[in-house]
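Reader: I have a model open in front of me and would like to talk through a few places in it. Could we start with a helix and go on from there?

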Amino acid sequence: MYRSKGLKKIVTILIVVITLILILWPFFYIFVSSFKPLREIMARAKFFPKNLTIRNYRTLIIARTPVRNFPRILYNTLVVSSLTAALSIVISCISAYGISHNRRLMRGMVSRLMLFIYVFPTIILLIPIYKMFTMIGLYNSFLGLIIIYTALVAPFCTWLLVSFFETIPRELEESAQIDGASGITTFIRIILPLASPGIITVGAYSFITAWGEYMFALVMISESIKKTAALGLATFTAEQYIEWGPLLAGSILIIIPVFILFLPVSKFFIKGFTAGAIKG
Amino acid sequence: MRLYVRKERTSYILMIPILLLIIVIFAYPVIRTFILSFFKISFGASETRYVGLANFKNIIRNQTYWQALTNSLYWTFGNLLVQLSIPLFIAILLNKRIRGINFVRAIIMIPWIVPAVTIAVCMRWMLLPKIGIINEMLDSMNIMKKQIHFLGHRFTVMPTLILLNSWKFLPFGTLMILAALQTIPAETYEAAEVDGASGFQKFRYITLPLVGSMIWFVGFLAFSWNFNTFDLIWLTTQGGPGTRTQTLSILIYRTAFKTFRLGEASAISVTVAILLIIIGVFYFKYLTPKE
């Protein structure tokens, strides 16, 4: 009995490891390949590099032109994504708190409605938003992108946070108010700390979405100096002769920041996301 | 009672920011698209002319529209099939208590957090004939002796892209379904075993009903993400070869920003919106699992 249990465990671990390898090997391959010299990149594929070089990274970072400025586009993306995350946290916290405290509205309906919005494909929003933003001067500006990205994620984040706020016992707030705390104090001191897994989730989700977004950036940004990472990387491939070496290096460099941000909060993120979904 | 009324009003005030965002970025554009679809617009927005239903007549007569619609449905449902079955399978495999499982759950998310651009450009390189690793692997395992131009051949391109897209979505679906599985107490299965239930019966009568609402939710997100996919397709094939992978998203973008027929693009958008509202209402109304 004991032995078969041990065997079962080993088989389980083996299956998990194989699944992981099947899902993740391409990233590992891209990572090792980004250190290959060009002639290995353009020859018959071998998994591991024969000669290691950091030339791809050097070309990418040092060989800057006004059209191709990788450090600059990384910086742009960082600005846009962080501000999107901050703005969407603020807006979805406030709205979700409002929704969860309204006794007359059918809360289930309202938060379902927040999801239903996503039935509309974003592509149909593209033309009117493009025209509207050109008119009011938000075309080719970070602020315009930030507003669009926030709007894209905020309804979902609100929906997620409503389910978080609802789990917080109403008595906690009431007793704080009896002790003389104002509405805002209660919200900041009691509600927000208790909902922090949800808030971290919302922030990370917004950041990741903004970080990788391509379609709106493609339409809304016209100057090379204002390009975001996804857009910038894609322009490299539009050239006549694709330089795969720097492209692979760039791919790795734009994964790293999201990865650094995501790993420490992944526990909250997974919990928060799934908790929201289960409570629905 | 006064306090109650005041709180009610505050709660409406608190909802203003999100409502404003929804109105400006979702509601207004949707209405605007409907209006634009009745106009002929030359790019630059200086000259617009009311043309009635002409835009709609044009697109319906156009073979590329129907091709794009077929492609979109093929793309969306092909993806859904992969994205709902494989994650369910992996989630059941991973629904075990072993050490380090939290770490596994974190790093398995990588394909989901990586920007689609990265996946698109790197995969283009990896899928190339002669120098791509995928062809090399198939070759060395003796599965395929011929070099396949995955993204350039009209039969392989759609399945290849579906696999790529599903791979990106897979970790997410897996984790969601896994979370639902973990809400099922082990005793339920044990009780069923005592009653002599087979593995399949346990799956059919315990697992499936209990993860049903999660599958509903994942299915919804997957559906809207898939239908929306623009970046992965645009950055790998731009809708090609020919119009083989030109979905409605690609067609709308092309019509609006490559051939500059904004009115016609709006008309296509309107048909898409109507189609999706019908599907969405149907999904929310009839397929929502009952508690």
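Author: Gladly, and please keep in mind that this is a predicted model. A good place to begin is α10(A), which is mostly covered, since 14 of its 17 residues are buried.

Reader: And how far does helix α10 of chain A reach from its first C-alpha to its last?

Author: Helix α10 of chain A, residues 196–212, reaches 24 Å from its first C-alpha to its last, which is close to the 24 Å expected at 1.5 Å a residue.

Reader: Moving on to A:Ile221, where is it found, and is it buried or exposed?

Author: A:Ile221 is found in the loop between α11 (215–220) and α12 (229–238) of chain A. A:Ile221 counts as buried because 22 other C-beta atoms lie within 10 Å, and the cut-off for that class is 20 or more.

Reader: Which residues is A:Ile221 in contact with, leaving aside its neighbours within four places in sequence?

Author: With those neighbours left aside, A:Ile221 is in contact with A:Asn140, A:Lys226, A:Lys227, A:Thr228 and A:Leu231.

Reader: What about the backbone of A:Asn140, what is its phi?

Author: A:Asn140 is not a glycine, yet its phi is positive, at about 60°. A:Asn140 is found in the loop between α6 (123–135) and α7 (142–167) of chain A, and it counts as partly exposed because it has 14 C-beta neighbours inside 10 Å.

Reader: Now chain B, please: which residue there has a positive phi although it is not a glycine?

Author: B:Lys130 has a positive phi, of about 75°, and is found in the loop between α7 (116–126) and α8 (133–140) of chain B. B:Lys130 is exposed, with 12 other C-beta atoms within 10 Å.

Reader: Which peptide bond in chain B is cis?

Author: The bond from B:Gly240 to B:Pro241 is cis, with omega near -5°, and B:Pro241 lies in the loop between α12 (231–236) and α13 (248–257) of chain B.

Reader: What is the radius of gyration of chain B?

Author: Chain B has 24 Å, whereas a compact globule of 291 residues would be near 19 Å. Its C-alpha atoms fill a box of roughly 80 × 75 × 30 Å along the principal axes.

Reader: Last topic, how many residues does each chain give to the contact?

Author: Chain A gives 74 residues and chain B gives 78 residues. On the side of chain A that touches chain B, the largest share, 15 residues, comes from helix α13 (residues 244–279) of chain A, and the residues of that side divide into 52 nonpolar, 15 polar and seven charged.

Note on methods: Residues are numbered from 1 along each chain as its sequence is written. Chains are lettered from A and ligands numbered from 1 in the order in which they are written. This is a predicted model: local features need pLDDT of at least 70, side-chain atom pairs count only at pLDDT 80 or more; totals for chains, interfaces and linings use all residues. Two residues are in contact if their C-beta atoms, placed from the backbone, lie within 7 Å. Helices (H or I, at least four residues) and strands (E, at least two) are DSSP runs, numbered from the N terminus. Ala, Val, Leu, Ile, Met, Phe, Trp, Tyr, Cys and Pro count as nonpolar, Asp, Glu, Lys and Arg as charged, and the others, Gly among them, as polar. The radius of gyration is taken over C-alpha atoms; the globule rule is 2.2 Å times the number of residues to the power 0.38. The expected span of a helix is 1.5 Å times one less than its number of residues.
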